[in-house]
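Me: Please take a close look at one part of this structure, the boundary between its domains, and then connect it to the rest. I am in my first year, so explain each term when it comes up.

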Amino acid sequence: MADVTIVGGGIIGLCSAMALQDRGYTVEIIERGEIGRGASYGNCGLLAPGEVVPVSRPGVVKKIPGWLLDPEGPLFVRPGALARDLPWLLRFLKAGSADTVRHIASSLAPMMKRVNSDYGVLLERIGRSDLLSQVESLMLFKDRSEYERDRFSWDLRSELGFDHTFISGSQVRELEPAIEGPVTCGVIMKDWYHFTDPLALTQALAEEVVRRGGKIVSGEALSFESERGLVRSVKLRSGDRIDTKRIVLAAGAWSGSLTRQLGLRIPLAHLSGYHVHAPHPQVHLERAIYYASGGFVLTPMATGLRIGGTIEIAGADPKPNFRRADVLAERAKTILPTLDITGSTRWMGARPFIPDTMPILGKAPSFGNVILAFGHGQVGMTLGATTGHVVAQIIADERPDVDLGPFRPQRFA
Ligand SMILES: Cc1cc2nc3c(=O)[nH]c(=O)nc-3n(C[C@H](O)[C@H](O)[C@H](O)COP(=O)(O)OP(=O)(O)OC[C@H]3O[C@@H](n4cnc5c(N)ncnc54)[C@H](O)[C@@H]3O)c2cc1C
């Protein structure tokens, strides 16, 4: 029997496995599909330490109702999902008040301050420092007023020690000559980098976990069997049973049903996002770019240019509406007119999202041997290595390096 059974082979499960092995624990990962093919596959690859301010925030909250009515807007709720996800959405909007946003940002900041150094160590350990491009990312705007309208967020980030440098349109073009069209200014995001191949990252982590004696079990965790406040085994859909000493639940957006079996009702929504991945884009970018005025990210990856973004509330495991991905590519052409998307692939995936935009991180209240580690929303890639580190500290009964109080699973009780 392994010391720790991890449910979910995405970035969170894999980073947890690595950190646990560092402390001498044996691990097994239960994965129902392919390793790294959930949200950790198709994301925009940003390592974005200053992304501490939630989407729902002063200045943006007012725009959200308008977006909700526009099927091609940055945040859309499919009518069929509204009944189920309305309570979640109301909580999400409520968390956008200035005081709550300050609380969220200052709670996330200590974790975010560690992400670059934690990934530095992790990537070196697996011999894949090449998977992180350390060219600082850019945020671009059609006009300065758009930047100014989000003054609340810029000031809050600065207060918390996440700096940025405002630059003119011509400075933008000096850095990225391929950028054309409606861009009059931008911001260099200090210490924001990008992964050049998220799938290669999770695969390299999985290989290292196995090389160090870890096991990957193919199967879907369906239920837990418990006795006297401890989960003793995990039942798989196949009927097999895996006896366990401790569990880390890191099943991303699909963690809800297993959490309910632990007597917890955590508001976890699937927030779908899309990408178009162009293998031969015929444009060169040095760094990841978030075009704030268009609501999409452009990330130069080892396998092409990824254009990603949008939030769609469509229920659990919906059919993709690839029109949303096509809109991303069309918008990208407004600032990259020569972009070639011939041979591109389209993808939809689910961000595991808690309405207060903070992950669930800590022991399950009634089951001392279960650690919950999910709900990382739009920053799961960023927080992967640091989450793994903290999960290992919880299991080793060490005092965590960051205050986990704000992330406690019972905060919605
Ligand atoms: C369009 C888009 C862009 C994004 N861009 C960024 C970005 O630039 N930067 C950033 O930091 N984050 C980004 N994110 C968010 C990030 O991708 C996620 O937060 C992160 O990948 C979540 O990791 P995870 O390991 O929790 O979940 P996942 O990667 O989804 O992994 C969960 C795994 O659990 C498995 N699983 C589920 N249920 C079971 C079960 N019952 N039994 C066994 N296995 C199970 C799944 O198959 C899956 O492999 C983006 C997300 C999207 C959708």
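Reply: Across the interface of domain 1 and domain 2, the rule finds zero salt bridges, where a salt bridge is a side-chain nitrogen of Lys or Arg within 4 Å of a carboxyl oxygen of Asp or Glu. Keep in mind that this is a predicted model, in which local features need pLDDT of at least 70 and side-chain atom pairs count only at pLDDT 80 or more, while totals for chains, interfaces and linings use all residues. Residues are numbered from 1 along each chain as its sequence is written, and side-chain values use heavy atoms, with hydrogens and water left out.

The two domains are each assembled from separate stretches of the protein chain: domain 1 takes 4-40 + 200-267 + 357-412, and domain 2 takes 53-96 + 127-194 + 268-353. These bounds come from an automatic or database domain assignment. The C-alpha centres of domain 1 and domain 2 lie 28 Å apart, and 19 residues of domain 1 are in contact with 16 residues of domain 2, contact meaning heavy atoms within 4.5 Å.

Between them, domain 1 and domain 2 bury about 1500 Å², 65% of it on carbon and sulfur atoms; buried area is the accessible area (1.4 Å probe) that two parts lose on being put together, summed over both. Five residue pairs, both members at pLDDT 80 or more, are in polar contact between domain 1 and domain 2. A polar contact is a pair of N or O atoms within 3.5 Å; within protein, one must be able to donate a hydrogen and the other to accept it, and residues adjacent in sequence count only if both atoms are side-chain atoms. Helix α10 (residues 198-211) gives the largest share of the side of domain 1 that touches domain 2, namely three residues. Helices (H or I, at least four residues) and strands (E, at least two) are DSSP runs, numbered from the N terminus. By class, that side of domain 1 has 10 nonpolar, nine polar and no charged residues. Here Ala, Val, Leu, Ile, Met, Phe, Trp, Tyr, Cys and Pro count as nonpolar, Asp, Glu, Lys and Arg as charged, and the others, Gly among them, as polar.

With the boundary described, we can turn to the salt bridges of the whole model, where the count comes to 30 by this rule. One network of salt bridges links Asp22, Arg125, Glu208, Arg211 and Arg212. Arg102 and Asp99 also join their side chains in a salt bridge (3.8 Å, N to O), and because they are three residues apart in helix α5 (residues 98-112), about one helical turn separates them. Arg102 is partly exposed, with a relative accessible area of 36%, whereas Asp99 is exposed at 62%; on this scale, buried means under 20% relative accessible area, exposed over 50%, and partly exposed in between (1.4 Å probe, protein chains only).

A further bridge, between the side chains of Lys363 and Asp397, spans 3.9 Å, N to O. Lys363 lies in strand β20 (residues 360-364) and Asp397 in the segment after α13 (380-395), so this pair ties together parts that are 34 residues apart in sequence. Lys363 is partly exposed, with a relative accessible area of 36%, and Asp397 is exposed, with 65%. Glu330 and Arg323 meet in a salt bridge as well, at 2.9 Å, N to O; Glu330 counts as partly exposed at 44% relative accessibility, and Arg323 counts as partly exposed at 34%.

Some individual residues complete the picture. Leu298, placed in strand β17 (residues 296-301), is buried, with a relative accessible area of 0%. Leaving aside neighbours within four places in sequence, Leu298 is in contact with residues including Leu285, Ile289, Ile307 and Leu336. Ser107, in helix α5, also counts as buried, at 8% relative accessibility, and with neighbours within four places in sequence left aside, Ser107 is in contact with Met358, Pro406 and Phe407. By contrast, Gln282, in the loop between β15 (269-278) and β16 (289-291), is exposed, with a relative accessible area of 57%. Gln282 has a positive phi of about 60° although it is not a glycine.
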